[in-house]
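Let's take a walk through this model together, stopping at a handful of residues, the ligand and the domains along the way. Keep the viewer open and follow along.

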Amino acid sequence: MLNLKDQSLLRDSGYIAGEWVGADSGKQFDVFNPATGEKITSVPDMGGADARRAIDAAESAWAEWRAMPARKRSKLLRAWHDLIKANAEDLALIMTSEQGKPSKEAFGEILQGASFVEWFAEEAKRIEGDIIVPAANDRREFVLKQPVGVVAAITPWNFPSSMITRKISPALAAGCPVVLKPAEDTPLSALALAELAHRAGFPKGVISILPASHGAEVGAEFTSNAKVRKLSFTGSTEVGKLLMRQSADTVKKVSLELGGNAPFIVFDDADIKAALSGAMTMKFINAGQTCICANRILVQDGIYDKFVEQMQQAVANLNPGHGVEEGVNMGPLINQKALDKVEGLVADAVDQGAKVVHGGKRHALGQTFYEPTVLTEVSTDMKVFSNEIFGPVAGLYRFSSEEEAVKLANDTPYGLAAYFYTQDMGRLWRVGEALEYGMVGANEARFTNEIMPFGGMKESGIGREGSKYGIEEYLEAKYLCLGGI
Ligand code: ADP
């Protein structure tokens, strides 16, 4: 039993059409704490029939929701935001328990998640179309921005709360109802958000949350059901491609936030302290399990040895453990599959000549803990170069010229986030422009917030979340021509 101030935030049912319900099949699945292996609770294992019910309820709710004045929708979002903030400690504890990240990181995520709700509560009031100079004098021509319709969303386990608010809030602000399937490892954070949305007073059917142990069945309904007009997905590139293919028959609009392979470039002329601090955060936050984590640390010849030494020291100071314990700053990996993958990537790198200068194996804490690891002399033939590591493994590559660094950085089908450190003004511009990534941090690695557009190029995705662009993903631009004037 979790020690929450408000036990009613720990929900063990699905949420469809404003009701707490079980799965049609009666099936359930267990949710575990990855740091201890203990079962927290069980939740309904929902499938196609449950998804259909939620979609029907969303469609029925749509007319009233889109007709509601934007200011009123905004007030409901604001009420949800206030409740999330007021319950942030409990929400963070639920998250740490099912996901493993340290309390401080979990708390930070809850606040960032709330900031998306606040941002889109405001954006709801700023949906603006255009008046166009007409092609003829007897006409008047306009562009109306209208809600796309029922939105289906699928979210991952690495940010179990903020990925949900980043999708639901702009959709609701735009006038679209949402049905959402959270990741199987972390349904409790999603259900707690649903409980608070229920208290905020959203109309029935506007939000539904469907936990499921295997996403495929709910995903198949979300993508094939013609009532769903838009799919928003965050997760692996592989599943994103599958969902995009499945959505083709009904030509759904899609927003995809997929995998990354972020380069983190440190030039000889970098402020080494700033670069190290950025690299430590962007490599080890969430135990390396974020799509914008530094996946390849490219360090220029002249500074390489010094950087390795300093990184080794910084990594030695990390304190892995159970996220609720004081001083712990790195949690376990999410599950056994993730642990096996990281182990395999390190073994492949070592086989091919990489040197382990710190860590390099499962942690003595057991469960799914892996030691924070630093590999040197890493090369482009190794799997760590081309695969998203999703674990606390820093691979350091050597390069000599700016041209080589940019080429290495762009040598991937992914294009989500990139980072580079230099004090040279000309290089700041050149490299900033040359990197084929949706988000680039120059001398700054902690750049995500509700105000900036989050999203990727190439196989990292389609569309942007957060920012003034985020709401556009849920709006149609309708051209209206009034003739005979
Ligand atoms: P990861 O490998 O990091 O767990 P996934 O892309 O598998 O990333 O998971 C992201 C989300 O996609 C989760 O909610 C998961 O349940 C869901 N998912 C996985 N496979 C499918 C599928 N075939 N159809 C719909 N959703 C899926």
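Phe-142 touches Asp-130 and Ile-131, and also Lys-478, Tyr-479, Leu-480 and Leu-482, once residues up to four places away in sequence are set aside. Bear in mind as you look that this is a predicted model. You'll find Phe-142 in strand S6, which covers residues 140-147. Is this residue buried, exposed or something in between? With a relative accessible area of 23%, Phe-142 is partly exposed; the cut-off for buried is under 20%, and exposed means over 50%. If you'd like a sense of scale, jump from Phe-142 to Val-266: they are 124 residues apart along the chain, and their C-alpha atoms are separated by 49 Å.

Now swing over to Val-43, which sits in strand S4 (residues 39-44). Its relative accessibility is 0%, so Val-43 counts as buried. What does it touch, not counting residues up to four places away in sequence? Val-43 has Arg-11 and Asp-12 as contacts, then Lys-27, Gln-28, Phe-29 and Val-31, and further along the sequence Pro-187, Leu-188, Leu-191 and Pro-211. There's also a C-alpha to C-alpha distance to look at here: Val-43 and Ser-13 are 5.6 Å apart in space, with their positions 30 residues apart in sequence.

Next, the ligand. Which residues come nearest to it? There are 17 residues around the ligand, and the nearest are Thr-155, Trp-157, Lys-181, Glu-184 and Ser-236. Some of these put polar atoms beside ligand oxygens. Thr-155 does it through its backbone, with an N or O atom 2.7 Å from an oxygen atom of the ligand. Glu-184 uses its side chain, where an N or O atom is 2.5 Å from a ligand oxygen. Ser-236 also brings a polar side-chain atom, which lies 2.7 Å from an oxygen atom of the ligand. How much of the ligand's surface does the protein cover? Taken alone, the ligand exposes 560 Å², and the protein buries 80% of that. As for where the shell comes from, helix H7 (215-224), strand S10 (228-234) and helix H8 (237-247) are the elements that each give two or more residues. Sorted by class, the shell has nine nonpolar residues, six polar ones and two charged ones.

From helix H8, carry on into the loop between H8 and S11, where Val-251 has its place. The backbone is worth a look here: Val-251 has a positive phi of about 40°, although it is not a glycine. Buried or exposed? Val-251 counts as exposed because its relative accessibility is 68%.

There's another positive phi to compare it with. Ser-467, also a residue other than glycine, has a phi near 65°. You'll see Ser-467 in helix H15, residues 467-470. At 1% relative accessibility, Ser-467 counts as buried.

Step back a little in sequence to Glu-465, in the loop between strand S21 (461-462) and H15. Glu-465 has 4% relative accessibility, so it counts as buried. What does its side chain do there? It makes a polar contact, at 3.0 Å, with the side chain of Arg-166. Arg-166 is also among the contacts of Glu-465 beyond four places in sequence, and others include Lys-167, Ser-232, Thr-234, Glu-257, Phe-454 and Tyr-474.

Finally, zoom out. The protein is divided into domain 1 (7-258) and domain 2 (262-448). Taken over C-alpha atoms, the centres of domain 1 and domain 2 are 31 Å apart. Across the boundary, 22 residues of domain 1 are in contact with 23 residues of domain 2.

One last stop is Asn-261, in the loop between strand S11 (253-257) and strand S12 (262-266). Asn-261 counts as buried because its relative accessibility is 1%. Where does its side chain point a polar atom? A polar atom of the Asn-261 side chain lies 2.9 Å from the backbone oxygen of Phe-385. Phe-385 is one of the contacts of Asn-261 that remain when neighbours within four places in sequence are left aside, together with Asn-295, Arg-296, Ser-386, Thr-412, Tyr-414 and Tyr-437.

Definitions and conventions
Residues are numbered from 1 along each chain as its sequence is written. This is a predicted model: local features need pLDDT of at least 70, side-chain atom pairs count only at pLDDT 80 or more; totals for chains, interfaces and linings use all residues. Side-chain values use heavy atoms; hydrogens and water are left out. A residue is near a molecule or strand if one of its heavy atoms lies within 4 Å of it. A polar contact is a pair of N or O atoms within 3.5 Å; within protein, one must be able to donate a hydrogen and the other to accept it, and residues adjacent in sequence count only if both atoms are side-chain atoms. Accessible areas come from the Shrake-Rupley method with a 1.4 Å probe; for residues, only the protein chains shown count as cover. Helices (H or I, at least four residues) and strands (E, at least two) are DSSP runs, numbered from the N terminus. Ala, Val, Leu, Ile, Met, Phe, Trp, Tyr, Cys and Pro count as nonpolar, Asp, Glu, Lys and Arg as charged, and the others, Gly among them, as polar. Buried means under 20% relative accessible area, exposed over 50%, partly exposed in between (1.4 Å probe, protein chains only). Contact means heavy atoms within 4.5 Å. Domain bounds come from an automatic or database domain assignment.
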